[in-house]
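Q: Please take me through one part of this model closely. I would like the largest pocket, and then the stretches of chain that go with it.

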Amino acid sequence: MNKEDALQYFQQCMEENADISSAVAAIHTLIEHLKLSPAGTLAGLRESLKDCIGWLMETDNSVTSISSGCELFLRFITLTALDQTNFQESKNILVERGKMYLQKVAGSRDKIAGLGEPFIRDGCSILTHSHSRVVFKTLMEAAENKKRFNVFITESCPDRSGELMARKLREAGIPVVVILDAAAGYIMEKVDLVMVGAEGVVESGGIINKIGTYQLATCAKIANKPFYVVVESFKFVRFIYPLNQQDVPNEYKYHASTLKSTSDLSHAHPLIDYTPPAYITLLFTDLGVLTPSAISDELIKLYC
(Lines give C-alpha, C1' and ligand atoms only; values in the text may rest on other atoms or scores of the structure.)
Protein backbone atom coordinates (compact mmCIF):
# COMPACT_ATOMS: atom_id res chain seq x y z
CA MET A 1 0.00 0.00 0.00
CA ASN A 2 1.62 3.24 -1.16
CA LYS A 3 0.86 6.74 0.13
CA GLU A 4 -1.93 7.41 -2.35
CA ASP A 5 -3.65 4.09 -1.58
CA ALA A 6 -3.32 4.62 2.18
CA LEU A 7 -4.84 8.10 2.05
CA GLN A 8 -7.63 6.91 -0.21
CA TYR A 9 -8.44 4.03 2.16
CA PHE A 10 -8.40 6.42 5.14
CA GLN A 11 -10.77 8.82 3.39
CA GLN A 12 -13.06 5.96 2.43
CA CYS A 13 -13.26 4.86 6.08
CA MET A 14 -14.22 8.39 7.11
CA GLU A 15 -16.89 8.68 4.41
CA GLU A 16 -18.44 5.25 4.92
CA ASN A 17 -18.90 5.67 8.68
CA ALA A 18 -19.47 9.21 9.89
CA ASP A 19 -19.58 7.91 13.46
CA ILE A 20 -15.90 6.95 13.69
CA SER A 21 -13.20 9.41 14.67
CA SER A 22 -10.18 10.17 12.51
CA ALA A 23 -8.00 8.18 14.95
CA VAL A 24 -10.11 5.03 14.50
CA ALA A 25 -10.10 5.49 10.71
CA ALA A 26 -6.31 5.79 10.92
CA ILE A 27 -6.09 2.52 12.88
CA HIS A 28 -8.24 0.76 10.24
CA THR A 29 -5.80 2.08 7.64
CA LEU A 30 -2.77 0.82 9.58
CA ILE A 31 -4.26 -2.68 9.81
CA GLU A 32 -4.91 -2.72 6.05
CA HIS A 33 -1.38 -1.40 5.44
CA LEU A 34 -0.05 -4.16 7.71
CA LYS A 35 -1.81 -6.81 5.64
CA LEU A 36 -0.49 -5.49 2.31
CA SER A 37 3.02 -4.42 3.36
CA PRO A 38 5.78 -6.02 1.26
CA ALA A 39 8.25 -5.79 4.17
CA GLY A 40 10.13 -9.04 4.82
CA THR A 41 11.17 -8.45 8.44
CA LEU A 42 9.46 -7.25 11.62
CA ALA A 43 11.78 -4.23 11.74
CA GLY A 44 10.87 -3.39 8.15
CA LEU A 45 7.19 -3.83 8.97
CA ARG A 46 7.44 -1.40 11.87
CA GLU A 47 9.19 1.19 9.70
CA SER A 48 6.52 0.73 7.04
CA LEU A 49 3.80 1.40 9.63
CA LYS A 50 5.64 4.51 10.83
CA ASP A 51 5.76 5.78 7.24
CA CYS A 52 2.01 5.24 6.96
CA ILE A 53 1.42 7.17 10.20
CA GLY A 54 3.45 10.03 8.75
CA TRP A 55 1.23 10.09 5.64
CA LEU A 56 -1.94 10.15 7.75
CA MET A 57 -0.64 13.06 9.81
CA GLU A 58 -0.33 15.07 6.60
CA THR A 59 -4.11 15.03 6.14
CA ASP A 60 -6.37 17.89 7.25
CA ASN A 61 -7.81 15.92 10.15
CA SER A 62 -7.17 15.82 13.89
CA VAL A 63 -3.42 15.26 14.01
CA THR A 64 -3.56 15.12 17.83
CA SER A 65 -5.84 12.08 18.00
CA ILE A 66 -4.28 10.38 14.94
CA SER A 67 -0.82 10.70 16.49
CA SER A 68 -1.79 9.32 19.91
CA GLY A 69 -4.11 6.61 18.57
CA CYS A 70 -1.53 5.29 16.11
CA GLU A 71 1.28 5.33 18.68
CA LEU A 72 -0.83 3.30 21.10
CA PHE A 73 -1.75 0.94 18.25
CA LEU A 74 1.95 0.27 17.56
CA ARG A 75 2.53 -0.25 21.25
CA PHE A 76 -0.40 -2.65 21.58
CA ILE A 77 0.38 -4.95 18.65
CA THR A 78 4.03 -5.40 19.69
CA LEU A 79 3.55 -5.71 23.47
CA THR A 80 4.06 -9.48 23.48
CA ALA A 81 7.21 -10.98 22.02
CA LEU A 82 6.66 -13.02 18.88
CA ASP A 83 8.06 -16.53 19.08
CA GLN A 84 7.04 -17.57 15.56
CA THR A 85 9.86 -18.58 13.22
CA ASN A 86 7.69 -18.00 10.16
CA PHE A 87 7.45 -14.32 9.24
CA GLN A 88 4.00 -14.64 7.66
CA GLU A 89 2.67 -16.24 10.85
CA SER A 90 4.13 -13.36 12.86
CA LYS A 91 2.52 -10.88 10.50
CA ASN A 92 -0.85 -12.62 10.87
CA ILE A 93 -0.53 -12.40 14.66
CA LEU A 94 0.11 -8.66 14.43
CA VAL A 95 -2.98 -8.23 12.25
CA GLU A 96 -5.08 -10.15 14.79
CA ARG A 97 -3.71 -7.98 17.59
CA GLY A 98 -4.65 -4.92 15.56
CA LYS A 99 -8.22 -6.20 15.27
CA MET A 100 -8.28 -6.82 19.02
CA TYR A 101 -7.17 -3.25 19.60
CA LEU A 102 -9.98 -1.98 17.38
CA GLN A 103 -12.52 -4.02 19.37
CA LYS A 104 -11.11 -2.55 22.57
CA VAL A 105 -11.42 0.96 21.16
CA ALA A 106 -14.96 0.30 19.85
CA GLY A 107 -16.34 -0.14 23.36
CA SER A 108 -14.78 3.03 24.75
CA ARG A 109 -17.74 5.35 24.21
CA ASP A 110 -20.21 3.05 25.90
CA LYS A 111 -17.98 2.85 28.99
CA ILE A 112 -17.49 6.60 29.09
CA ALA A 113 -21.21 7.31 28.66
CA GLY A 114 -21.98 4.95 31.52
CA LEU A 115 -19.57 6.80 33.78
CA GLY A 116 -20.61 10.31 32.74
CA GLU A 117 -24.38 9.87 32.70
CA PRO A 118 -24.86 9.88 36.54
CA PHE A 119 -23.36 13.38 36.66
CA ILE A 120 -26.21 14.69 34.49
CA ARG A 121 -29.00 15.47 36.94
CA ASP A 122 -32.68 15.54 36.05
CA GLY A 123 -33.71 19.06 35.08
CA CYS A 124 -30.19 20.42 34.60
CA SER A 125 -28.81 22.67 31.85
CA ILE A 126 -25.61 21.68 30.04
CA LEU A 127 -23.23 23.77 27.97
CA THR A 128 -21.12 21.99 25.36
CA HIS A 129 -18.86 22.97 22.48
CA SER A 130 -18.39 21.87 18.87
CA HIS A 131 -19.28 18.35 17.72
CA SER A 132 -18.18 15.50 19.96
CA ARG A 133 -19.31 11.93 19.40
CA VAL A 134 -18.52 11.01 23.01
CA VAL A 135 -20.48 13.94 24.42
CA PHE A 136 -23.40 12.99 22.16
CA LYS A 137 -23.26 9.37 23.37
CA THR A 138 -23.23 10.51 27.02
CA LEU A 139 -26.20 12.84 26.50
CA MET A 140 -28.08 10.06 24.70
CA GLU A 141 -27.41 7.73 27.64
CA ALA A 142 -28.96 10.27 30.01
CA ALA A 143 -31.97 10.77 27.72
CA GLU A 144 -32.51 7.01 27.47
CA ASN A 145 -32.57 6.89 31.27
CA LYS A 146 -35.54 9.29 31.16
CA LYS A 147 -33.62 12.29 32.45
CA ARG A 148 -34.94 15.67 31.38
CA PHE A 149 -32.33 18.30 30.57
CA ASN A 150 -31.59 20.96 28.02
CA VAL A 151 -28.41 21.75 26.15
CA PHE A 152 -26.74 24.99 25.09
CA ILE A 153 -24.13 24.56 22.38
CA THR A 154 -21.74 27.04 20.82
CA GLU A 155 -21.94 27.33 17.04
CA SER A 156 -18.19 26.65 17.04
CA CYS A 157 -16.77 28.74 14.22
CA PRO A 158 -15.10 28.67 11.78
CA ASP A 159 -16.58 25.33 10.65
CA ARG A 160 -19.85 25.73 12.65
CA SER A 161 -19.57 22.16 13.88
CA GLY A 162 -21.81 23.03 16.82
CA GLU A 163 -24.74 23.26 14.42
CA LEU A 164 -24.12 19.67 13.31
CA MET A 165 -24.18 18.57 16.95
CA ALA A 166 -27.38 20.57 17.56
CA ARG A 167 -29.08 18.89 14.59
CA LYS A 168 -28.23 15.43 15.93
CA LEU A 169 -29.52 16.34 19.41
CA ARG A 170 -32.79 17.69 18.00
CA GLU A 171 -33.27 14.51 15.96
CA ALA A 172 -32.83 12.57 19.21
CA GLY A 173 -35.51 14.70 20.90
CA ILE A 174 -33.12 16.55 23.22
CA PRO A 175 -33.90 20.30 23.68
CA VAL A 176 -30.98 22.36 22.38
CA VAL A 177 -30.18 26.02 21.79
CA VAL A 178 -27.28 27.14 19.58
CA ILE A 179 -25.46 30.19 20.95
CA LEU A 180 -22.74 32.46 19.60
CA ASP A 181 -19.20 31.51 20.57
CA ALA A 182 -18.89 34.96 22.14
CA ALA A 183 -21.96 34.33 24.33
CA ALA A 184 -20.28 31.64 26.47
CA GLY A 185 -19.71 33.99 29.38
CA TYR A 186 -23.23 35.39 29.14
CA ILE A 187 -24.91 31.98 29.20
CA MET A 188 -22.68 30.47 31.90
CA GLU A 189 -24.87 31.66 34.78
CA LYS A 190 -27.79 29.68 33.32
CA VAL A 191 -26.03 26.31 33.10
CA ASP A 192 -25.27 23.70 35.75
CA LEU A 193 -22.24 22.13 34.10
CA VAL A 194 -20.00 22.22 31.04
CA MET A 195 -19.23 18.98 29.20
CA VAL A 196 -16.81 18.79 26.26
CA GLY A 197 -14.86 16.21 24.33
CA ALA A 198 -11.14 16.38 23.54
CA GLU A 199 -8.82 15.77 20.61
CA GLY A 200 -6.00 14.95 22.99
CA VAL A 201 -5.10 14.74 26.68
CA VAL A 202 -1.53 15.74 27.55
CA GLU A 203 0.60 14.38 30.38
CA SER A 204 -0.17 17.27 32.72
CA GLY A 205 -3.89 16.41 32.57
CA GLY A 206 -4.76 19.37 30.36
CA ILE A 207 -6.60 18.91 27.07
CA ILE A 208 -6.22 19.91 23.45
CA ASN A 209 -9.58 20.55 21.83
CA LYS A 210 -11.48 22.66 19.31
CA ILE A 211 -10.64 26.38 19.50
CA GLY A 212 -12.86 28.06 22.07
CA THR A 213 -12.67 25.29 24.68
CA TYR A 214 -10.21 27.28 26.83
CA GLN A 215 -12.63 30.20 26.79
CA LEU A 216 -15.45 27.97 28.12
CA ALA A 217 -13.19 26.51 30.81
CA THR A 218 -12.11 29.96 31.96
CA CYS A 219 -15.71 31.18 32.22
CA ALA A 220 -16.75 27.99 34.05
CA LYS A 221 -13.91 28.42 36.55
CA ILE A 222 -14.89 32.00 37.31
CA ALA A 223 -18.58 31.05 37.61
CA ASN A 224 -17.70 28.03 39.81
CA LYS A 225 -19.36 25.57 37.42
CA PRO A 226 -17.97 22.03 36.96
CA PHE A 227 -16.05 21.50 33.72
CA TYR A 228 -16.16 17.85 32.62
CA VAL A 229 -14.21 16.21 29.79
CA VAL A 230 -15.34 12.95 28.16
CA VAL A 231 -12.54 11.35 26.14
CA GLU A 232 -11.19 7.98 25.02
CA SER A 233 -7.84 6.81 26.41
CA PHE A 234 -6.40 6.35 22.91
CA LYS A 235 -6.29 10.16 22.76
CA PHE A 236 -3.77 10.36 25.64
CA VAL A 237 -0.66 12.06 24.23
CA ARG A 238 2.90 11.44 25.46
CA PHE A 239 5.79 13.89 25.72
CA ILE A 240 3.77 17.10 25.47
CA TYR A 241 3.80 19.47 28.46
CA PRO A 242 2.39 22.79 27.22
CA LEU A 243 2.43 25.72 29.64
CA ASN A 244 0.57 28.01 27.27
CA GLN A 245 -0.94 28.13 23.78
CA GLN A 246 2.41 28.77 22.09
CA ASP A 247 3.84 25.54 23.52
CA VAL A 248 1.40 23.40 21.51
CA PRO A 249 3.12 22.20 18.28
CA ASN A 250 1.98 23.93 15.09
CA GLU A 251 1.10 20.62 13.45
CA TYR A 252 -1.64 20.27 16.07
CA LYS A 253 -2.88 23.84 15.69
CA TYR A 254 -3.10 24.15 11.91
CA HIS A 255 -4.10 22.01 8.95
CA ALA A 256 -1.20 20.31 7.18
CA SER A 257 -2.20 22.13 3.98
CA THR A 258 -1.87 25.48 5.79
CA LEU A 259 1.61 24.64 7.08
CA LYS A 260 2.68 23.60 3.58
CA SER A 261 1.29 26.70 1.88
CA THR A 262 2.74 29.40 4.14
CA SER A 263 5.43 30.04 6.72
CA ASP A 264 3.61 33.10 8.04
CA LEU A 265 0.91 31.85 10.40
CA SER A 266 0.03 35.25 11.86
CA HIS A 267 -3.16 35.40 9.75
CA ALA A 268 -4.08 31.69 10.03
CA HIS A 269 -6.81 30.66 12.45
CA PRO A 270 -5.67 28.02 14.97
CA LEU A 271 -7.96 24.98 14.97
CA ILE A 272 -7.42 24.02 18.61
CA ASP A 273 -6.45 25.50 21.94
CA TYR A 274 -4.97 24.15 25.17
CA THR A 275 -6.97 24.02 28.40
CA PRO A 276 -4.73 23.66 31.50
CA PRO A 277 -5.56 21.02 34.14
CA ALA A 278 -6.44 23.65 36.76
CA TYR A 279 -9.64 24.41 34.81
CA ILE A 280 -10.79 20.79 34.54
CA THR A 281 -12.97 19.20 37.23
CA LEU A 282 -12.95 15.55 36.07
CA LEU A 283 -12.16 13.47 33.00
CA PHE A 284 -14.47 10.57 32.13
CA THR A 285 -12.50 7.93 30.23
CA ASP A 286 -12.73 4.23 29.41
CA LEU A 287 -10.08 3.78 32.12
CA GLY A 288 -12.37 5.31 34.74
CA VAL A 289 -13.22 8.73 36.18
CA LEU A 290 -9.93 10.58 36.57
CA THR A 291 -8.70 13.81 38.05
CA PRO A 292 -6.24 15.73 35.85
CA SER A 293 -3.38 14.81 38.20
CA ALA A 294 -4.03 11.08 37.59
CA ILE A 295 -3.43 11.29 33.82
CA SER A 296 0.35 10.94 34.00
CA ASP A 297 0.01 7.70 35.99
CA GLU A 298 -2.43 6.29 33.43
CA LEU A 299 -0.08 7.21 30.58
CA ILE A 300 2.72 5.29 32.27
CA LYS A 301 0.45 2.23 32.50
CA LEU A 302 -0.60 2.54 28.85
CA TYR A 303 2.95 2.66 27.52
CA CYS A 304 4.68 0.24 29.90
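A: What follows starts with the pocket, then turns to a helix, a loop and some further sites.

This is a predicted model, so local features need pLDDT of at least 70 and side-chain atom pairs count only at pLDDT 80 or more, while totals for chains, interfaces and linings use all residues. Residues are numbered from 1 along each chain as its sequence is written, and side-chain values use heavy atoms, with hydrogens and water left out.

Start with the space itself. Rolling a probe the size of a water molecule over the atoms shows where empty space is left. Here a pocket is an open set of points on a 1 Å grid over the protein atoms alone, where a 1.4 Å probe fits, with protein on both sides within 12 Å along at least five of seven lines. Its volume is the space filled by probe spheres set on the points, which are joined across faces, edges and corners. The largest pocket holds about 960 Å³.

Its lining comprises 40 residues; a lining residue has an atom within 4 Å of a point. Ser62, His131, Arg133, Asp159 and Glu199 lie nearest the centre. Two or more lining residues come from each of α4 (63–77), α7 (133–144), α8 (161–171), β6 (207–210) and α11 (250–253). These labels are DSSP runs numbered from the N terminus: helices are H or I, at least four residues, and strands are E, at least two. α8 gives the largest share of the lining, 3 residues.

By class, the lining has 15 nonpolar, 14 polar and 11 charged residues. Nonpolar means Ala, Val, Leu, Ile, Met, Phe, Trp, Tyr, Cys and Pro; charged means Asp, Glu, Lys and Arg; the others, Gly among them, are polar.

Now α8. Its buried residues are Ser161, Gly162, Met165, Ala166 and Leu169. They fall within an arc of 145° seen down the axis, so they line one face of the helix. The arc is that of the directions from the helix axis to the C-beta atoms. Buried means under 20% relative accessible area, exposed over 50%, and partly exposed in between (1.4 Å probe, protein chains only). Among the elements that cover these residues are α7, β2 (150–154), β3 (176–179) and β6; contact means heavy atoms within 4.5 Å. Just after α8, Gly173 has a positive phi of about 85°.

Next, the loop that leads into the helix. Most residues other than glycine have a negative phi, and most peptide bonds are trans. Ser156 sits in the loop between β2 and α8. Its phi is near 65°, a positive value in a residue other than glycine. Ser156 is buried, at 0% relative accessible area. Pro158 belongs to the loop between β2 and α8. The Cys157 to Pro158 peptide bond is cis, with omega near 10°. Arg160 is another residue of the loop between β2 and α8. Arg160 is not a glycine, yet its phi is positive, about 55°. At 39% relative accessibility, Arg160 is partly exposed.

The loop between α7 and β2 holds Lys146. Lys146 is exposed, at 71% relative accessibility. Its C-alpha atom is 8.4 Å from that of Asp122, 24 residues apart along the chain.

For comparison, take the second largest pocket. It holds about 340 Å³. Of its 19 lining residues, Asp19, Ile20, Val105, Ala106 and Arg109 are closest to its centre. At least two lining residues each come from α2 (22–36), α5 (87–106), α6 (108–116) and α7. This lining divides into 8 nonpolar, 4 polar and 7 charged residues.

In α6, the buried residues are Ser108, Arg109, Ile112, Ala113 and Gly116. Their arc around the axis is only 125°, which puts them on the same side of α6. Their cover includes α5, α7, β7 (227–230) and β9 (282–285).

Last, the cysteines. A search of the whole structure finds 0 disulfides, a disulfide being a pair of cysteine sulfur atoms within 2.5 Å. For Cys13, the nearest cysteine sulfur is that of Cys52, 11 Å away. Cys13 is buried, at 12% relative accessible area. For Cys70, the nearest cysteine sulfur is also that of Cys52, 7.6 Å away. Cys70 is buried too, at 0% relative accessibility.
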